[in-house]
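Biologist: Could you take me through a single part of this protein slowly, starting from the whole chain and ending at the disulfide and its surroundings? I am in my first year, so please explain each term when it comes up.

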Amino acid sequence: MFSLITRFISIFRFSHLPRTTLTFSASGSLAALCLCALSPVAHADPMHLSDIKQANGQQLSVDDLRSLMPGAHITNLLNNGSTRKWVNETDGSLNATTDNKGGIGSTTRTVQTAHATGTWSVNDNGSYCVNLEWRSLTENWCRFMFKVGDKYYGVPSLANGAAMATEFSIEK
């Protein structure tokens with residue numbers, strides 16, 4: 001069993017942690033760690049702009065965004081595992097919720113629903129912008145939107161192929 005744990009640690013590259021910090025008890029810690037490692041969120045590689053381009057992703061134009069976004073129901077899947085949802089109201093406002101798996105907008109690390117008010121807009125440069133006022137922080141970002149198959153992805157930069165993408169579901 002010790003060799004299995006050692007192999008698991010080397011495979012998933014916990015080398016930045018001292019080995020003494022990784023202890024397991026017979027009460028199921030190893031099983032929980034293995035289940036976590038097998039979950040898609042635990043080891044899914046995040047998408048990057050270069051991946052989107054390689055998949056022939058189509059960038060949404062200013063006109064596409066101005067047609068699609070008003071009244072759209074948005075689900076945003078963050079790379080930290082959180083899922084956020086809101087509706088782009090036609091007046092530019094939104095009310096968002098998150099399952100808070102990544103700790104956004106909360107003062108605790110437990111998974112709990114958090115709420116934010118905010119605004120959305122489409123800039124003339126073709127980016128979709130959101131401002132969210134969570135209880136413990138303000139989030140303000142713009143993303144260039146791409147469609148790949150039936151999924152949408154937002155990236156903060158068109159100039160950097162390594163720019164991380166976040167996944168969006170957009171429904172009218």
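Modeller: Helices (H or I, at least four residues) and strands (E, at least two) are DSSP runs, numbered from the N terminus. Read in that direction, the elements of the protein chain follow the order α-α-α-α-β-α-β-β-β-β-β-β-β-β, which comes to five helices and nine strands. The model is a predicted one, in which local features need pLDDT of at least 70 and side-chain atom pairs count only at pLDDT 80 or more, while totals for chains, interfaces and linings use all residues. Residues are numbered from 1 along each chain as its sequence is written, and side-chain values use heavy atoms, with hydrogens and water left out.

Now to the part you asked about. The structure holds one disulfide, meaning a pair of cysteine sulfur atoms within 2.5 Å, and it joins Cys129 to Cys142 with an S to S distance of 2.0 Å. Because Cys129 lies in strand E6 and Cys142 in strand E7, the pair ties together parts that are 13 residues apart in sequence. The torsion about their S-S bond is about 110 degrees, so the disulfide is right-handed. Cys129 is buried, with a relative accessible area of 8%, whereas Cys142 is partly exposed, at 30%; here buried means under 20% relative accessible area, exposed over 50%, and partly exposed in between (1.4 Å probe, protein chains only).

Beside Cys129 in the sequence comes Tyr128, which, leaving aside neighbours within four places in sequence, is in contact (heavy atoms within 4.5 Å) with residues including Met69, Trp86, Cys142, Arg143 and Phe168. Tyr128 is also among the residues with the most contacts inside the largest nonpolar core, which has 23 residues; such a core is a set of buried Ala, Val, Leu, Ile, Met, Phe, Trp, Tyr and Cys residues joined through side-chain atoms within 4.5 Å. Strands E6 (127–133) and E7 are among the elements that each supply at least two residues of this core, although strand E5 gives the most, with four residues.

Arg143 lies in strand E7, which covers residues 138–148. Arg143 is buried yet has no salt bridge, a term for a side-chain nitrogen of Lys or Arg within 4 Å of a carboxyl oxygen of Asp or Glu. The nearest side chain of opposite charge, Glu139, is 6.6 Å away, where Lys and Arg count as positive and Asp and Glu as negative, with His and the chain ends not counted. Not counting residues up to four places away in sequence, Arg143 touches Ser127, Tyr128, Gly154, Val155, Pro156 and Thr166.
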